[in-house]
Amino acid sequence: MQLEKIISISGKPGLFKLVSQLRNGFIVEDITTKKKVSISNSSQVSLLDNIAMFTFDKEVPLFEVFENIAKKYDFKQTINHKSKSDELKTFMEESLPNYDTERVYESDIKKLAQWYNLLQKAGYITPESFVKVEEVVEEEPAAEEKPAKKTTKKAAEKTEDAEEKPAKKPAAKKTTKKED
């Protein structure tokens, strides 16, 4: 899931995707309506990628909480964020069993449900979106696979000397003086 570009803007309903940066702000796109808007640098913005939920043990990234909800609800919409308090608490217990009941407020649970439903509606919540992408790094073959190079002591000394000597400076350009 590409949460690193999804933001919440204080005072504006919904979630937005960062499109580009301006000199004095940002251009964002509403994830549901696809309407682009510019916001100033003074707007209070929260990246979803940087948000975590409190548990008694640690802080769990929002991505993992969304993954738990998605698996529980089969990647479909979840409860309405305007549900009753008891329903919201049950929803949170199912989504994150050991969440810290003193530090996670009802308003946080409402926001979690609302954001999840917005992301699901916009197509960000799919089975493929939670697959961890491993970065493929081309590794050099192991030492035993490389053909061994024979180097003599003199050749090794020449390479070391070449590395220590600074590169030659280019010759100065000759300029001719124009006589008037």
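Buried residues have under 20% relative accessible area and exposed residues over 50%, with partly exposed residues in between; these words are used in that sense in the legends below, which describe close-up views of a predicted model.

**View A. Asp-74 and Lys-76 are joined by a salt bridge.** The side chains of Asp-74 and Lys-76 meet with a nitrogen-to-oxygen distance of 3.4 Å. Asp-74 has a relative accessibility of 49% and therefore counts as partly exposed. This pair belongs to a structure in which a search of the whole model finds four salt bridges. Side chains of opposite charge can pair when their charged atoms come close.

**View B. Within helix α1, Lys-71 and Glu-67 form a salt bridge.** The N to O distance between the side chains of Lys-71 and Glu-67 is 3.4 Å. Because Lys-71 and Glu-67 are four residues apart in helix α1, about one helical turn separates them. The two partners differ in their exposure class, since Lys-71, at 56% relative accessibility, counts as exposed, whereas Glu-67, at 13%, counts as buried.

**View C. Asp-100 and Arg-103 meet in a salt bridge.** In this view the side chains of Asp-100 and Arg-103 are joined at 3.0 Å, taken from N to O. Asp-100 is buried, with a relative accessible area of 9%, while its partner Arg-103 is partly exposed at 42% relative accessibility.

**View D. Ser-83 makes polar contacts from the loop between α1 and α2.** The loop that holds Ser-83 runs between helix α1, residues 62-72, and helix α2, residues 85-95. A relative accessible area of 14% places Ser-83 among the buried residues, because it is under the 20% cut-off. A polar atom of the Ser-83 side chain lies 2.6 Å from the backbone oxygen of Asn-80, and the side chain of Ser-83 is also joined to that of Glu-87 by a polar contact of 3.5 Å.

**View E. Four lysines form a positive surface patch.** The patch consists of Lys-5, Lys-17, Lys-34 and Lys-36. One of these residues, Lys-34, lies in the loop between strand β3, residues 25-30, and strand β4, residues 36-40. With a relative accessible area of 46%, Lys-34 is partly exposed, and this value is over the 30% that a residue needs in order to be counted in a patch.

Conventions:
Residues numbered from 1 in each chain as written. Predicted model: local features only at pLDDT ≥ 70, side-chain atom pairs only at ≥ 80, totals over all residues. Heavy atoms only, no water. Helix = DSSP H or I, 4+ residues; strand = E, 2+ residues; numbered from the N terminus. Buried < 20%, exposed > 50% of the residue type's maximum accessible area, 1.4 Å probe, protein only. Polar contact = N/O pair within 3.5 Å; in protein donor to acceptor, adjacent residues only side chain to side chain. Patch = residues over 30% accessible without salt bridge, like charges linked within 9 Å, V, L, I, M, F, W, Y side chains within 5 Å. Areas by Shrake-Rupley, 256 points an atom, 1.4 Å probe, with all protein chains shown as cover. Lys, Arg positive; Asp, Glu negative; His and termini not counted. Charge placed at Lys NZ, Arg CZ, Asp CG, Glu CD.
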